[in-house]
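Good morning, and thank you for coming. I should like to take you through one structure, a few residues at a time.

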Amino acid sequence: MKKLGLTIIIIVTILCAALLLIHNQYTDYLNPMIKMETDYAKVPKHTQKYYNVQAIDKSGKKLPYKIKYVGGNDPSRQYIVIHHKGQYVKVIDYITKNEMPRLQD
């Protein structure tokens with residue numbers, strides 16, 4: 001019985017460590033310490049798959065990380081609002097260039 005309890009504790013510890021140390025769309029979705037954010041980005045035209053997207057927040061500051069993958073649905077548009085939780089992208093909306101915050105250096 002002690003071995004079973006110890007095994008359960010070890011498994012739970014490993015899962016918690018994975019949520020904190022591994023950042024991908026699956027772990028970020030499950031991680032309760034990461035909050036849902038709304039950020040903006042400029043993406044390439046003529047594609048619906050955006051890789052390594054550098055997003056900015058409302059104030060125009062770059063995020064300290066890039067979002068590895070964002071799926072789109074309109075290849076003719078270039079500016080998006082990303083509703084995300086770390087690497088997990090819930091939904092994107094297309095916006096005009098005028099709605100995009102200006103990048104601050």
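Let us start with Leu63 and the residues it touches. Setting aside residues up to four places away in sequence, Leu63 touches Glu37, Asp39, Gln54, Ala55 and His84. Please bear in mind throughout that this is a predicted model. Leu63 sits in the loop between E2 and E3. One of its partners, Asp39, is 24 residues from Leu63 in sequence, yet the two C-alpha atoms are 8.7 Å apart in space. Is Leu63 buried or exposed? Leu63 counts as buried because its relative accessible area is 11%, and the cut-off for buried is under 20%.

That brings us to the nonpolar core. In soluble globular proteins, nonpolar side chains tend to be buried together. Here, the largest nonpolar core has 12 residues, and Leu63 is one of them. Its other members include Ala41, Val43, Tyr50, Val70, Ile80 and Ile92. Which elements give two or more residues to this core? They are strand E2 (49-53), strand E3 (67-71), strand E4 (79-85) and strand E5 (88-95). Take Ile92 as an example of a core member. Leaving out its neighbours within four places in sequence, Ile92 is in contact with Tyr50, Val70, Gly71, Gly72, Ile80, Val81 and Ile82. Apart from this core lies another, of 6 residues, including Ile56, Tyr79, Ile95 and Met100.

I turn now to a charged residue, Asp28, in helix H2 (residues 25-30). Asp28 is buried, yet it has no salt bridge. How far away is the nearest side chain of opposite charge? That side chain belongs to Lys68 and is 7.6 Å away. What, then, does the side chain of Asp28 make a polar contact with? One partner is the side chain of His23, at 3.1 Å. In addition, a polar atom of the Asp28 side chain lies 2.7 Å from the backbone nitrogen of Gln87. Beyond four places in sequence, the contacts of Asp28 include Ile34, Lys85, Gly86 and Tyr88.

Finally, consider Arg102, in the segment after E5. Arg102 counts as exposed because its relative accessibility is 74%, where the cut-off for exposed is over 50%. Not counting residues up to four places away in sequence, Arg102 touches Ser59 and Gly60. Arg102 and Ile56 are 46 residues apart in sequence, while their C-alpha atoms are 8.9 Å apart in space.

To close, please keep two residues in mind: Leu63 is buried, whereas Arg102 is exposed. Thank you.

Notes
Residues numbered from 1 in each chain as written. Predicted model: local features only at pLDDT ≥ 70, side-chain atom pairs only at ≥ 80, totals over all residues. Heavy atoms only, no water. Core = buried A, V, L, I, M, F, W, Y, C linked by side-chain atoms within 4.5 Å. Buried < 20%, exposed > 50% of the residue type's maximum accessible area, 1.4 Å probe, protein only. Helix = DSSP H or I, 4+ residues; strand = E, 2+ residues; numbered from the N terminus. Contact = heavy atoms within 4.5 Å. Lys, Arg positive; Asp, Glu negative; His and termini not counted. Salt bridge = Lys/Arg side-chain N within 4 Å of Asp/Glu carboxyl O. Polar contact = N/O pair within 3.5 Å; in protein donor to acceptor, adjacent residues only side chain to side chain.
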